[in-house]
Amino acid sequence: MRDTALANLRREEERLGALRRTYDQKAADFQLLAQRRVVAPLAEEVVATEDRSTQLAVAIETVRIREKEALDAFEKVKLEIETERQRRRYGIEDSRRSLRVLRAGLREHPAGGS
């Protein structure tokens with residue numbers, strides 16, 4: 001699950017990076033056109049690009065939130081595994097202690113002895 005989520009996250013980051021580069025190039029082109037006073041016919045595209053920029057910003061934040069959720073889920077699973085490992089280790093050590101006590105008791109009071 002974690003690997004799939006992280007792979008999806010990486011793909012989304014690459015896609016958003018490509019979209020951001022496209023947006024930056026368009027913004028640079030519009031700046032150049034603005035200097036040449038050619039922007040008026042492109043006003044609709046400028047507004048659409050700004051809207052898309054806002055959408056991209058929201059998408060980037062959504063990806064960041066998903067990344068944090070994926071990392072939180074990974075940390076939770078990791079903690080659960082560590083807790084179970086410690087629980088099992090304690091059980092093994094407790095069984096060993098009980099066995100040592102039992103063996104010591106048998107040495108002190110052997111069966112069929114005096």
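This passage describes the helices, the nonpolar core, the salt bridges and the surface of a predicted model.

Local features were taken where pLDDT is at least 70 and side-chain atom pairs at pLDDT 80 or more, whereas totals for chains, interfaces and linings use all residues. Residues are numbered from 1 along each chain as its sequence is written, and side-chain values use heavy atoms, with hydrogens and water left out.

The chain holds 2 helices and 0 strands; helices (H or I, at least four residues) and strands (E, at least two) are DSSP runs, numbered from the N terminus. Of the 114 residues in the chain, 10% are buried. Here, buried denotes under 20% relative accessible area, exposed over 50%, and partly exposed the range in between, with a 1.4 Å probe and protein chains only. The chain exposes about 9600 Å², of which carbon and sulfur atoms supply 55%; accessible areas come from the Shrake-Rupley method with a 1.4 Å probe, and for residues only the protein chains shown count as cover. Among contacts in the chain with a separation of 6 or more, 65% are between residues 24 or more positions apart, a contact being heavy atoms within 4.5 Å.

The largest nonpolar core has 6 residues, namely L6, L9, L16, L56, I60 and V63. Helices α1 (2-35) and α2 (43-108) are the elements that give two or more residues to this core. The term nonpolar core refers to a set of buried Ala, Val, Leu, Ile, Met, Phe, Trp, Tyr and Cys residues joined through side-chain atoms within 4.5 Å. In soluble globular proteins, nonpolar side chains tend to be buried together. When residues up to four places away in sequence are not counted, I60 touches L16 and R20. L16 also has a C-alpha to C-alpha distance of 8.0 Å to A59, the two being 43 residues apart in sequence. A59 lies in helix α2 and is partly exposed, at 28% relative accessibility.

A second pair distant in sequence is D24 and S53, which are 29 residues apart in sequence and 9.4 Å apart in space, C-alpha to C-alpha. D24 lies in helix α1, where its relative accessibility of 41% counts as partly exposed.

The structure holds 10 salt bridges, each defined by a side-chain nitrogen of Lys or Arg within 4 Å of a carboxyl oxygen of Asp or Glu. Side chains of opposite charge can pair when their charged atoms come close. One of the bridges joins R64 to E61, with the closest N and O atoms 2.7 Å apart. Because R64 and E61 are 3 residues apart in helix α2, about one helical turn separates them. R64 is partly exposed, with a relative accessible area of 49%, and E61 is partly exposed at 39% relative accessibility.

E84 takes part in salt bridges with R87 and with R88. The N to O distance is 3.1 Å for R87 and E84 and 3.0 Å for E84 and R88. R87 and E84 are 3 residues apart in helix α2 and therefore separated by about one helical turn. E84 and R88 also both lie in helix α2, 4 residues apart, which is about one turn of the helix. E84 is partly exposed at 31% relative accessibility, while R87 is exposed at 53% and R88 is exposed at 57%. Elsewhere, R10, E13 and E67 are joined into one network by salt bridges that share partners.

On the surface, L99, L102 and L106 form a nonpolar patch with about 280 Å² of accessible area together. Patches are made of residues with over 30% relative accessible area and no salt bridge, with like charges joined within 9 Å and nonpolar side chains (Val, Leu, Ile, Met, Phe, Trp, Tyr) within 5 Å. Within this patch, L102 is placed in helix α2.
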